[in-house]
Amino acid sequence: MRHARRTARRITRLAAVGGLLCGSLLVTRAIANEPGASGPPVPMGERLVAQLGAARTAGSWLGADGRTVVAVTDAGAAADVRRAGARAEVVRHSMRDLRSAAATLRAAPRVSGTAWSMDYGSNEVVVRADSTVSASDWSRLAGVARTIGGSVRMERTRGTFTTRVDGASPIFASDGRCSAGFDVTDGRDAFLLTAGHCGPVGTTWFARPGDSTPLGTTVSGTFPGNDFSLVRYGDGVPRAQSDVVAIGGGRGVRITGAADPVMGQRVFRSGSTTGLHSGRVTGLNATVNYPEGTVTGLVQTTVCAEPGDSGGPLFADGLALGLTSGGNGNCDAGGTTFFQPVEAAMTALGVRLAGASGDDGPEAGAGSGQARPGGGDVAPSAPPADSEAGAPGGGGTGTGVGTGTNMGGATDTGSDTGTASGTGTASGTGPIAAISRVVDTRSVGPGLLVIGGSLIALVAARSMRSSRLSRRERGAWSSGM
């Protein structure tokens, strides 16, 4: 009996020590995974590509099952990718080859109506020509592609590659209509981020046609080359920035940070003409030869867009991804749309997202995003269950925002307790949220619970030993008497 108790104490002590070690590891991992001020963690594929280098990899993408796939050029790199937990696909052309092919295409005589992007899945640079490209220009470009070799694929596409400004029904600028992208700040002033082709520096913007008070003025930007611009809100406009982008119908999605899109990723776009639409990323580092000039470094997607959607936000999983630049087709027949990556734009302009990092507070109504044609109010609220905005993973919810100013300058007088849900997430409050944080395997809660249980077990084991010693001492005292 005494031997059994001694064995039980040893097992309890060993389990407690093991629990302390496991709990410490859980806490350490959770703290390491906490998003810091530098933004969201780097995706696995991007990290592996950076580690292995451009000569041994050719990009990464999300497979149909959601698993990361990395294109590699040798068996050693494939083994490294598999050990990291991703799927490896051995390809012929490296990232260095694809970049060289794109550089050769850029150096060739410019042909308006053409575009090319890197398709990591097919391991090619895909060149597309719209309906405006003549047979002779197509033949000349095809000749350039033949000199490059098998890393280039040529395709004809319907429609025309154009920027998405609508000059027939101005809502923001006096000479055209665009959509707002994201609210940003330099730490002092409030700005609106939108497409560069919407208007040059000095362009005056209004909330709606006929307004006498300007919404703001373009103070910086670039187009062509890149496609972004910065609009400083006017003195007469309330400083009311928000981390919510409007998606139409009185709904909004909360933006918690910014990131670069990933090949194969499902993404969402909102615009003042067509509202909310979704699609997938089909190309990166795209070059588009618009009639106005060439823009490089764009993201190619299957999301549709129409005139007036220019500058509108591209986002997914609560992260700002890009600004609508241009494309072909429409939202009836579909088409290709290109986006200016938002992180590159913010870095070049020296600004950061407002609200998402705690700047200025979510005191606005809809914040940025897009205004509905006619300048109607847009306030964030919960999308319906069948809404596209709620599709990816069920999304998340957070506290809504109250009365304020939307990006169109109209005051929102709707509900002050709505929720912003869909692809975005925000922190919750209350006992249920607290319990969720404790049991969430991504937080420090489980680790602390394991450590606490282990300490209790150690105390219990010590109590068992103390009790045994006490009984032994009482027995000895009784025998002495």
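A pocket here is an open set of grid points with protein on both sides within 12 Å along at least five of seven lines, and its lining residues have an atom within 4 Å of a point. In this predicted model, the second largest pocket takes in about 480 Å³ of space. Its lining runs to 21 residues, with Glu46, Tyr120, Pro261, Leu284 and Asn285 lying nearest the centre. Sorted by class, the lining comes out as 13 nonpolar, four polar and four charged residues. Several elements chip in with at least two residues each: the helices α2 (44-52), α4 and α6 (342-349), along with the strands β1 (57-62), β17 (275-290) and β18 (293-301).

Helix α4, one of those contributors to the pocket lining, also packs against another helix. Residues 95-107 make up α4 and residues 135-148 make up α5, and the two pack with axes 10 Å apart at an angle of about 150 degrees. Angles over 145 degrees count as roughly antiparallel, so that is how α4 and α5 run relative to each other. Their crossing is right-handed. On the α4 side the contact is made by Ala101, Thr104 and Leu105, and on the α5 side by Leu141, Val144 and Ile148. That adds up to five nonpolar residues and one polar, with no charged ones.

Two loops have backbone features of their own. Between β11 (216-222) and β12 (228-233) sits Pro224, and the peptide bond leading into Pro224 from Phe223 is cis, with omega near -5 degrees. The loop between β4 (114-119) and β5 (124-129) holds Asn123, which is not a glycine yet has a positive phi of about 60 degrees.

Definitions and conventions:
Residues are numbered from 1 along each chain as its sequence is written. This is a predicted model: local features need pLDDT of at least 70, side-chain atom pairs count only at pLDDT 80 or more; totals for chains, interfaces and linings use all residues. Side-chain values use heavy atoms; hydrogens and water are left out. Axes are lines fitted to C-alpha atoms, for helices over the stretch in contact, and angles run from 0 to 180 degrees between N-to-C directions. Helices (H or I, at least four residues) and strands (E, at least two) are DSSP runs, numbered from the N terminus. Angles under 35 degrees count as roughly parallel, over 145 as roughly antiparallel, 65 to 115 as roughly perpendicular and the rest as oblique. A crossing is left-handed if the near helix is turned anticlockwise from the far one by less than a right angle, and right-handed if clockwise. Contact means heavy atoms within 4.5 Å. Ala, Val, Leu, Ile, Met, Phe, Trp, Tyr, Cys and Pro count as nonpolar, Asp, Glu, Lys and Arg as charged, and the others, Gly among them, as polar. On a 1 Å grid over the protein atoms alone, a cavity is a set of points where a 1.4 Å probe fits but cannot get out, and a pocket is an open set with protein on both sides within 12 Å along at least five of seven lines; lining residues have an atom within 4 Å of a point. Grid points are joined across faces, edges and corners, and a volume is the space filled by probe spheres set on the points.
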